[in-house]
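Reader: I'm new to this and I'd like to look closely at one part of a protein. Could you walk me through a sheet and what surrounds it?

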Amino acid sequence: MKLFDLIAMASANMRRNKARTLLTIIAIFIGALTITLTNGVGSGIKSYLNKQTANLGAANTLMVQIQTTSGPNQASSGPKKYDPSQKVVASQDRGPGGRQLVMSQKDLTAIKAEADVVTVGAERAISPDYIVAAQGDKYQVSTSQQFGTAKLDMTSGRPVSNSTKSPEITLPSSYVKPLGFSNDQAAIGKAVSIGISDALGQQSQISAIIVGVQQKTLIGSTTSYINTPLTDQLYSTQSQGLPEISQNQFPIVVATLKDGLTEARVTAIKNDLKSKGYSAQTTKDQVNTVFTAINAVTIVFNVFGGIALLAASFGIVNTLLMSVQERTKEIGLMKALGMSPRRIFTLFSIEAVLIGFWGSVLGVVVAELIGVAANNLASHGFLKDFTGLKLLAFPSTAIAVIVLGIMLIAFLAGTLPAVRASRKDPIEALRYE
């Protein structure tokens with residue numbers, strides 16, 4: 001008897017007791033639906049964050065700072081000796097009592113000497129008071145200097161360029177209308193003024209040209225990106241009144257690497273910098289922290305799906321054991337007609353696998369239908385401003401793994417009934433009432 005014949009016979013046997021088979025498939029369906037939906041949410045968010053991380057030019061940009069302890073509560077071998085050459089600033093990111101060592105020109109030179117590092121620039125903290133267009137209202141704004149190659153998603157215009165001497169800025173799309181522009185395209189080429197105060201409290205305005213309008217994203221959705229000439233003007237104005245020593249120290253340095261470096265080479269550069277006392281991270285490294293949280297939540301929900309599948313596997317065992325009991329004479333007849341124990345084992349195993357297959361496929365299909373509806377509602381609702389963000393995404397590889405994994409579980413669950421059927425004595429089976 002060929003495999004196709006065994007599959008056809010197994011399918012026919014499943015239809016003998018439709019209610020029992022259907023209930024078992026529904027139990028599998030619930031577990032498959034839960035696992036598919038939870039993985040769909042994780043895949044959707046991670047896919048979007050990966051895209052946005054790539055758009056920020058994370059692959060060839062390293063954020064470098066001096067390695068230091070994160071505070072007095074961190075376990076260590078004891079207090080560190082005071083080094084007068086190292087200056088520190090308070091860092092809220094490092095918790096209560098956190099200390100962040102600042103870098104000087106000497107550190108920039110050391111980092112620039114690393115192989116495959118193209119440029120090194122200090123990330124200067126700019127704290128503008130407001131942004132205003134001609135004859136408009138003033139609005140609070142946050143800025144970030146653009147390093148490396150920018151690949152931001154733009155609704156109009158382009159990212160800022162560091163190769164020009166003109167001060168350039170991009171606007172988040174949410175700033176266009178408040179600043180008095182009719183649409184995104186109308187803002188391109190127009191001038192805005194940025195108000196900024198120096199250390200003595202004197203406020204000045206610095207002009208810049210809008211070169212692009214950014215698509216709203218989860219990363220930097222309210223941040224205006226500025227080029228190096230504009231950063232230099234803002235920082236110079238902001239630093240007036242500060243001691244010169246305070247103007248040339250930076251908590252973070254941004255190193256731009258050669259394009260096209262492999263991940264292994266980037267890792268090697270980070271390790272080299274670590275050996276010199278620096279800590280280096282790409283934006284992707286920082287986003288991986290978010291991925292870890294997403295994965296943790298996904299695993300928790302997958303546990304619930306796993307519990308449903310565990311319960312369903314006992315349902316498969318029960319369904320097939322009852323089927324073996326009811327078909328004892330039939331099994332005896334098949335053996336008497338020459339069907340081998342291996343074929344009988346295969347027949348019942350196929351029944352178990354088919355139950356797992358139909359339950360998982362049904363769960364996956366329903367999950368994808370829910371995903372289409374949820375994505376459609378979200379894209380016209382609370383996610384309408386985040387182009388490209390899908391609430392639920394179902395990569396074909398993940399779907400295949402889920403279906404095959406559930407079929408494997410079903411096969412293992414059906415092993416006991418299949419073994420019992422294959423070991424039945426044909427004479428005793430034919431006598432069974």
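Author: Here is a walk through one sheet, followed by two side chains and a pair of helices. Keep in mind that this is a predicted model.

Let's start with the sheet. It's an open one with four strands, and reading across you go β4-β12-β1-β13, with antiparallel pairing. In general, strands in a sheet are joined by hydrogen bonds between their backbones, and the pairing can be parallel or antiparallel. Now look at the two ends of that order. β4 (117–123) and β13 (278–281) are the edge strands, and each has a single partner, so one side of each has no neighbour in the sheet. If you step from one strand to the next, the twist averages 25°.

Zoom in on β4 and the strand it pairs with. β4 and β12 (residues 252–257) run antiparallel and share six bridges. To see one of them, find T119, whose bridge partner in β12 is T256. There's a helix on this sheet too: α3 (residues 105–112) packs on it and touches β1 (61–66), β4, β12 and β13. The direction of α3 makes about 155° with that of β4.

Next, hop over to strand β5 (residues 130–133), where you'll find Y130. Is Y130 buried or exposed? Its relative accessibility is 7%, and under 20% is the cut-off for buried, so Y130 counts as buried. Setting aside neighbours within four places in sequence, Y130 is in contact with several residues, including K138, Y139, S193, G195 and Q205. With Q205 there's a polar contact between the two side chains, at 2.7 Å. Y130 also shows how a fold brings residues together: I196 is 66 residues away in sequence, yet the C-alpha atoms of Y130 and I196 are 7.2 Å apart in space.

E168 makes a nice companion case. You'll find E168 in strand β8 (residues 168–172), and at 6% relative accessibility E168 is buried as well. Not counting residues up to four places away in sequence, E168 touches a set of residues, among them R158, V160, I209, Y225 and L230.

Last stop: two helices. α8 (residues 283–326) and α10 (residues 341–379) pack at an angle of about 145°, and their axes are 11 Å apart. Their crossing is right-handed. From α8, the contact uses I316, L320, S323 and V324, while α10 brings F348, E351, A352 and I355. Sorted by class, that contact has six nonpolar residues, one polar and one charged.

Technical notes. Residues numbered from 1 in each chain as written. Predicted model: local features only at pLDDT ≥ 70, side-chain atom pairs only at ≥ 80, totals over all residues. Heavy atoms only, no water. Axes fitted to C-alpha atoms, helices over the stretch in contact; angles between N-to-C directions. Left-handed = near helix turned anticlockwise from the far one by under 90°. Contact = heavy atoms within 4.5 Å. Nonpolar A, V, L, I, M, F, W, Y, C, P; charged D, E, K, R; others polar. Pairing = 2+ DSSP bridges. Buried < 20%, exposed > 50% of the residue type's maximum accessible area, 1.4 Å probe, protein only. Polar contact = N/O pair within 3.5 Å; in protein donor to acceptor, adjacent residues only side chain to side chain.
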